[in-house]
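Here's a friendly walk through a protein model for anyone seeing it for the first time. Have a look at the fold, then read on.

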Amino acid sequence: MSDLEIKVDWKTAEVKALMRRLQPPRLNQALSVSVNTTARQVRTTAARIVAKAGGLKRRDVDPSIRIYPYSTPATLTATVRGSGRPIALVKFAARQAKAGVTANAWGTRKLYKHTFIATMRSGHEGVFVRTTKKRVPIKELWGAGVTQVMSQAITLGEIEADAQDKLTTNVIRQLKRYAFRA
């Protein structure tokens, strides 16, 4: 699983001044709200990056990226995690051809010979291949999981730089909000 850990330097004068105005538990509440807001924003950014890299729609990627656990005033941490669940090959712009199915998995269109697109009785659509010469049994084909693309984006620093900026902005916003609230 891909986890993202962000450490931010809190030594800005504005943050120090705002933190002096608040005392726990209000300080912890403000920081917890900041962490949760940032985690949701990072999840959206990660989903957008993974969808673009994989040639997918964002709605197909969203269920595979979760925030766990959400921050509480006691913990002040949240983890954005990409699950390794594979995504159905049909989601990669699959099209039926004479020789099989073509799919645009991770940016390149590839032919999967002797495969077909079918809709099951449950309404689930997928790309299938026969496992024997008979009509049944059949097996569904899957693309790669979100984990590897998310890991690459973390390694390249695409997500982390954005997350640090968002966390700093959210902390300042929430500290101001809690400091000047009656």
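## The big picture

Of the 182 residues in the protein, 42% are buried. Keep in mind that this is a predicted model. If you want to count the pieces, the protein has five helices and 11 strands.

How does the radius of gyration of the protein compare with that of a compact globule of 182 residues? The globule would come out near 16 Å, but the protein has 22 Å. The box tells you about its outline too: along the principal axes, the C-alpha atoms fill roughly 75 × 30 × 20 Å.

Two more overall numbers are handy. Take the contacts with a separation of 6 or more: 56% of them are between residues 24 or more positions apart. As for the accessible surface, that is about 11000 Å², with 54% of it belonging to carbon and sulfur atoms.

## A sheet with β5, β6 and β7

Let's start with an open sheet of three strands, ordered β5-β6-β7 and paired antiparallel. At its edges stand β5 (95–96) and β7 (108–113), each with a single partner strand, so one side of each has no neighbour in the sheet. Two bridges hold the antiparallel pairing of β5 with strand β6, which covers residues 100–105.

Arg-95 is a good residue to zoom in on here. It sits in strand β5, and across from it in β6 stands Thr-102. Is Arg-95 buried or exposed? Neither, quite: its relative accessibility is 49%, so it counts as partly exposed, as the cut-off for exposed is over 50%. Leaving aside residues up to four places away in sequence, Arg-95 touches Gly-100, Val-101, Thr-102, Arg-109 and Ile-117. You can also check its spacing to Leu-111, which is 16 residues away along the chain: their C-alpha atoms are 9.5 Å apart.

## A sheet with β8, β9 and β10

Next comes another open sheet, with three strands in the order β8-β9-β10 and antiparallel pairing. The edge strands, β8 (115–119) and β10 (138–140), each pair on one side only. On average, and ignoring direction, neighbouring strands in this sheet are turned by 45° against each other.

How many bridges join β8 to β9? There are five, and the two strands run antiparallel. Together they make a hairpin with five residues in between, and Gly-123 in that turn has a positive phi of about 100°. On to the other pairing: strand β9 (residues 125–130) is joined to β10 by three bridges, again antiparallel. Arg-130 has Ile-138 of β10 standing opposite.

## A pair of rings

There is one aromatic pair in the structure. Its members are Phe-116 and Phe-128, with ring centres 6.3 Å apart and planes at 35° to each other, which makes it a tilted pair. Because Phe-116 belongs to strand β8 and Phe-128 to strand β9, the pair ties together parts that are 12 residues apart in sequence.

The two are also linked through the backbone pattern: Phe-128 in β9 is the bridge partner of Phe-116. With a relative accessibility of 5%, Phe-128 counts as buried.

## Oddities in the loops

Now for some backbone details. Most residues other than glycine have a negative phi, and most peptide bonds are trans. With that in mind, look at Leu-76: it is not a glycine, yet its phi is positive, about 55°. Leu-76 lies in the loop between β2 and β3, and at 28% relative accessibility it counts as partly exposed. His-114 isn't a glycine either, but has a positive phi of about 60°. You'll find His-114 in the loop between β7 and β8, where its 64% relative accessibility makes it count as exposed.

Which peptide bonds are cis? One of them joins Tyr-68 and Pro-69, with omega about -15°. Pro-69 is in the loop between β2 (65–67) and β3 (80–82). Another runs from Val-136 to Pro-137, with omega near 10°, and Pro-137 is in the loop between β9 and β10.

## One helix to finish

Last stop: helix α4, residues 146–156. Which of its residues are buried? They are Val-146, Thr-147, Val-149, Met-150, Ala-153 and Ile-154. After α4 comes Gly-157, with a positive phi near 80°.

Key:
Residues numbered from 1 in each chain as written. Predicted model: local features only at pLDDT ≥ 70, side-chain atom pairs only at ≥ 80, totals over all residues. Heavy atoms only, no water. Buried < 20%, exposed > 50% of the residue type's maximum accessible area, 1.4 Å probe, protein only. Helix = DSSP H or I, 4+ residues; strand = E, 2+ residues; numbered from the N terminus. Pairing = 2+ DSSP bridges. Axes fitted to C-alpha atoms, helices over the stretch in contact; angles between N-to-C directions. Phe/Tyr/Trp six-rings, centres within 6.5 Å; stacked < 30°, edge-to-face > 60°. Rg over C-alpha atoms; globule rule 2.2 N^0.38 Å. Contact = heavy atoms within 4.5 Å. Areas by Shrake-Rupley, 256 points an atom, 1.4 Å probe, with all protein chains shown as cover.
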